Structure formats: structure tokens, C-alpha cells
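Hello,

Here is the structure for you to look over. My notes follow below it.

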Amino acid sequence: MINPEQFRFFAEMVKEHSGIALVKGKEYLLESRLNELAKILGLKDIDALYKKAKFQMTPRLKEQIIEAMTTNETYFFRDQHPFDALRKHIIPEMIERNAAKKSLKFWSAACSTGQEPYSISMIINEHFPALANWQVSITATDISKQAISKGMAGRFTQVEVNRGLPITLLIKYFKQQGAFWVVNEKLKRPMRFKQMNLMGPFIGINGMDIVLCRYVLIYFDHDTKKQILEKIVKVMNPGGYLLLGATETPVGLPPSMKRKSFGRSVCWQKDG
Ligand SMILES: C[S@@+](CC[C@H](N)C(=O)[O-])C[C@H]1O[C@@H](n2cnc3c(N)ncnc32)[C@H](O)[C@@H]1O
């Protein structure tokens, strides 16, 4: 059983490095995730992990603790309506706006294992053949190294492809390899996977036209959320769109971002 001092120690560390706020009442979550990590590391229990973290911390151990505390839940075309909004309204508008430069930049911020950015890639391939001779990039970032390498490999289990992915798209864009389904080169081409912490500097991220930052701000407190949203808006092009998760409130979004709704989908457009 985790004691209050251990909870405080791990919660502070996780908050400082990832922004994830583990408030009182989340002891069970911390305990079950860290017990699992202790087992993987060959340690007896959470108490042994606490002692190692307190007196023999290494960058790798810190990373493993943060990874253990991230929730990587995701699936293809999550919520469906934001992807309908992208297909019917947002991408067509951005194509008109960017016609002269023939470039379109997406960013899936906190992309987990890649289902979200691959869903975008499928929409582009299915519905916007004219973009074939544009510069299209889908930058996909996440704090979790494990999630990013899985996304980069584009290798999904049967259970994962059963979640949200229509069979027609599975057959068209994935190849079966043993027990796995692997995305084809066409889907992979615009992808730029990269490990990145939203709490740190956004290195190499700029001029974004469409940003999806979904189901990650829920883990942060008000001030962290506000800081991250301000930084995201700074790297967006004028007229660009931001999509958040369905349950997420845009607390701290600068006034340059205007609310827009397309059917059931609410998103935010930058002035300009
Ligand atoms: C619940 S998943 C959401 C994935 C995807 N956006 C979706 O909606 O399906 C949340 C992701 O946020 C990532 N995350 C948590 N804290 C982060 C941070 N500080 N910087 C970047 N990613 C973070 C986690 O690793 C996890 O993969």
C-alpha cells in the first residue's frame, strides 16, 4: 500500500516532468501502475521502487515512471464527428486558403500510439486526391517513447484495428503480418513521429494549419492547460484550426481563437 509520503513524492515528480496532475484520490492509480513497473524492473514492491527513485534516480528510471503514469487510450476515428468536420469543412477550407503555397501541415499533439494521425492520413488518401501533389505533413508527437515507437512502426493488433476502423479501410491501407496489421507506405508517407513533451519547448513545430490536441489536457491543472494552449496557438498559422477532445474545455485559450461548430463538432479557429 502506498503511503502519503510516497504518493507526494511520485505525484510531484510526475507533475513536474509531464504536467499530469495526480490529485488526492488517485492513489489507487499510482499504486497499481507503479507496482506493475516495480515488477518489470525486478523490484520487490512499490516501496523498493520509491527507495530507488529517491536515492538512485536515473534519467531512464524517471522516464519509465512517467511512461507508467500516462494513459495511452486511443482508437481509430475516435468520436467520429471531428473527423467528419475535418473531411466536410476544415480540410476543404484549408485547401482553399493554402492553394497558392500547396502546403498543409497537421499536428497530432499527444498522438499516443498513432491511431489519431493515421486516421487523418486515411481521410486525406480517401477524400482529397488533389493533395497528392501538395506538401502534406502530419506531425505526431507524444511524451511516451513507447507509444511513439509503436506509432512509427504502424503495427496494430487485431483488437486495435477492431476499434473504430471500418473493414474497407483496413483492407485498403493495412497488410496482415502474422498476428498484426501494418499500415502501408501511402499512409506512412506524410507522418513525422517524434517524442515531445508538451511541457517543454516545441522544437521544430511551426506553421501548423490543423492541430488535434485531444484527451490530454484533461490530465493537467488549469495553469498548465493555459500555458500549453498558449504555446499551441503560437505555432499555428492564421486561419488554422484547433480540435480538442469532446469533454475538454478551452480554459485559457487566447481571444485570437474563435469558436466554430460543424454539426456535433466544436473547434477553434485562429484569427486571420
Ligand atoms: C488518452 S491519450 C489520447 C490520444 C489521442 N490524442 C486520442 O485522442 O485518441 C493521451 C496521451 O497524452 C500523452 N501525454 C500525457 N502527458 C503528455 C505531455 N506532457 N506531453 C505530451 N504528451 C503527453 C500520453 O502519453 C498519451 O499518449
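**Domains and ligand site**

The domain assignment splits the chain in two: domain 1 covers 4-69 and domain 2 covers 81-270. Please keep in mind that this is a predicted model. Taken over C-alpha atoms, the centres of domain 1 and domain 2 are 30 Å apart. The two domains do touch. On the domain 1 side, 10 residues make contact, and they meet 10 residues of domain 2.

Now the ligand. Where does it sit? The ligand takes up the space of the largest pocket. The shell around the ligand counts 22 residues. Ser18, Asn72, Thr74, Ala110 and Asp142 are the closest of them. Sorted by class, that shell holds 9 nonpolar, 8 polar and 5 charged residues.

Three polar contacts are worth a look on screen.

- Ser18: a backbone N or O atom of this residue is 2.7 Å from a ligand nitrogen atom.
- Leu198: a polar backbone atom of this residue lies 2.8 Å from a nitrogen atom of the ligand.
- Arg78: here a polar side-chain atom is 2.9 Å from an oxygen atom of the ligand.

So much for single contacts. How much of the ligand does the protein bury? On its own, the ligand exposes 600 Å², and the protein buries 99% of that area.

To go through it yourself, begin with the domain bounds, 4-69 and 81-270. Then turn to the ligand and pick out Ser18, one of the closest residues. Arg78, with its side-chain contact to a ligand oxygen atom, can come next.

Best wishes

Notes: Residues are numbered from 1 along each chain as its sequence is written. This is a predicted model: local features need pLDDT of at least 70, side-chain atom pairs count only at pLDDT 80 or more; totals for chains, interfaces and linings use all residues. Side-chain values use heavy atoms; hydrogens and water are left out. A residue is near a molecule or strand if one of its heavy atoms lies within 4 Å of it. A polar contact is a pair of N or O atoms within 3.5 Å; within protein, one must be able to donate a hydrogen and the other to accept it, and residues adjacent in sequence count only if both atoms are side-chain atoms. Accessible areas come from the Shrake-Rupley method with a 1.4 Å probe; for residues, only the protein chains shown count as cover. On a 1 Å grid over the protein atoms alone, a cavity is a set of points where a 1.4 Å probe fits but cannot get out, and a pocket is an open set with protein on both sides within 12 Å along at least five of seven lines; lining residues have an atom within 4 Å of a point. A molecule sits in a cavity or pocket if more than half of its atoms lie within 2 Å of its grid points. Ala, Val, Leu, Ile, Met, Phe, Trp, Tyr, Cys and Pro count as nonpolar, Asp, Glu, Lys and Arg as charged, and the others, Gly among them, as polar. Domain bounds come from an automatic or database domain assignment. Contact means heavy atoms within 4.5 Å.
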